[in-house]
Amino acid sequence: MRVVHVFRGFHDYLSELVNSEVEGSEVHVLVSQRDVPMLADLKSGVHVHRTEMPRVRSPLNGVRLPALGSLIRQINPDIVHMQSGLIWEYGLMLARRRFPVILTVHDIVNHPAWGWTLRRTPDFITACAIRSVDALVVHGDSLRELVLKRFGQKIDPSRVYSVDHGVISRFGNGSARLVVPAGSGNVLFFGYLNKYKGLEYLIEAEAILRRFVPDVSMVVAGAASHQAYYRRLVGSAPGISLRLGYQDRESV
């Protein structure tokens, strides 16, 4: 089977997914400039195609979309697998196509986030894509129920599949401890910081927990969409160490 992956972001998730397919399929990934960092984690058997698609906000995406469609037709896949978070690439579904399209939607409802609302895929674009694909994948039965509740009149339930989110194996492999020594305690809050992550509640919990575990250590690590806010927030809890910015593999 020949599979083409079209995406923006989701590097850790896509690297694991793509690498897991190499043994049994011919796998192709279409990589924009933003997605180049993921190449370091791909197995040698993955076919990589660099595209000219610019950053999402650029109207040049509309001009270059036909070339992207032409590239996919040259590859002649059995399946095209897209990830939610796309905008321009969803236009591929509007053209007559010879290949089925699968869409994985990671968040049925957009999370509250800092910044310009159009940084996220507008709901009506996601809704249009969901109704146009040949199969839809979500992570969990409850999300499948939510999709059918929101779009049930315009989507065939037999085309909606629940597939568990895979393990990101390069995070934590070999580092987990099955036994924590008495008297020690470490808390790591790791990932992209945004409004919906609820870091405020960790700040409140730290003040409570420290009364019972005075030596507990807490680290908050990850890039942030509103750095000044999180610096002020964590600054109010001197027992928490803040490491803002992208965390490379060695840091993790």
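**Entry 1: a buried valine**

I began by noting that a residue counts as buried when its relative accessible area is under 20%, as exposed when that area is over 50%, and as partly exposed in between. With this cut-off in hand I looked up V147, which has a relative accessible area of 0% and is therefore buried. I should record at once that the model I am reading is a predicted one. V147 sits in helix α4, which covers residues 141-151. I then checked its position against A127, which is 20 residues away along the chain, and found that the C-alpha atoms of the two are separated by 9.8 Å.

**Entry 2: strands β8, β9 and β10**

Next I turned to strand β9, residues 217-222, and asked how many of its six residues are buried. I found that five of the six are, so the strand is largely enclosed by the rest of the structure.

On one side of my list of partners I wrote β8, residues 186-190, which runs parallel to β9 and is joined to it by five bridges. Following individual positions, I saw that N186 stands opposite S217 in β9, and that V187 stands opposite M218. I also noted that β8, helix α5 (residues 199-212) and β9 together make a β-α-β unit, which is right-handed.

The other partner I wrote down is β10, which pairs with β9 in the parallel sense, again over five bridges. Here I picked out V220, whose bridge partner in β10 is L242. Tracing the chain from β9 to β10, I passed through helix α6, residues 227-235, and this β-α-β crossover is right-handed.

**Entry 3: two tyrosines**

I then searched for aromatic rings that pair, and the structure holds one such pair. The rings belong to Y229 and Y230, with their centres 5.1 Å apart and their planes at 80 degrees, so I recorded the pair as edge-to-face. The reasoning rests on the cut-off for the angle, because planes over 60 degrees apart count as edge-to-face. I looked up Y230 separately and found that it is buried, with a relative accessible area of 1%.

**Entry 4: salt bridges**

Before listing charged pairs I reminded myself that side chains of opposite charge can pair when their charged atoms come close. My search of the whole structure gave three salt bridges, and I took them one at a time.

For E26 and R2, whose side chains meet at 2.9 Å from N to O, I wanted to know which parts of the chain are tied together. E26 lies in strand β2 (residues 26-31) and R2 in strand β1 (residues 2-6), so the pair links parts that are 24 residues apart in sequence. Both ends are open to some extent: E26 is partly exposed at 31% relative accessible area, and R2 counts as partly exposed at 26%.

For E89 and R8, the N to O distance is 2.6 Å. E89 is in the loop between β4 (79-83) and β5 (101-104), while R8 is in the loop between β1 and α1 (11-21), so this salt bridge ties together parts that are 81 residues apart in sequence. Are these two residues buried or exposed? I found E89 buried, with a relative accessible area of 3%, and R8 buried as well, at 7%.

For R210 and E206, the side chains meet at 2.5 Å, N to O. These residues are four apart in helix α5, and I noted that they are therefore separated by about one helical turn. Their surroundings I wrote down separately, since R210 counts as partly exposed at 23% relative accessibility, whereas E206 is buried at 6%.

**Entry 5: a nonpolar patch**

Last, I looked at the surface, where L188, F190 and V252 form a nonpolar patch with about 280 Å² of accessible area together. I located V252 in the segment after β10 (240-244). With a relative accessible area of 44%, V252 is partly exposed, because the partly exposed range lies between 20% and 50%.

Note on methods: Residues are numbered from 1 along each chain as its sequence is written. This is a predicted model: local features need pLDDT of at least 70, side-chain atom pairs count only at pLDDT 80 or more; totals for chains, interfaces and linings use all residues. Side-chain values use heavy atoms; hydrogens and water are left out. Patches are made of residues with over 30% relative accessible area and no salt bridge: like charges are joined within 9 Å, nonpolar side chains (Val, Leu, Ile, Met, Phe, Trp, Tyr) within 5 Å. Accessible areas come from the Shrake-Rupley method with a 1.4 Å probe; for residues, only the protein chains shown count as cover. A salt bridge is a side-chain nitrogen of Lys or Arg within 4 Å of a carboxyl oxygen of Asp or Glu. Helices (H or I, at least four residues) and strands (E, at least two) are DSSP runs, numbered from the N terminus. Buried means under 20% relative accessible area, exposed over 50%, partly exposed in between (1.4 Å probe, protein chains only). Two strands pair if DSSP finds at least two bridges between them. A crossover is right-handed if, with the strands pointing away from the viewer, the path from the first strand over the helix to the second runs clockwise. Rings of Phe, Tyr and Trp (its six-membered ring) pair if their centres lie within 6.5 Å; planes under 30 degrees apart count as stacked, over 60 as edge-to-face and the rest as tilted.
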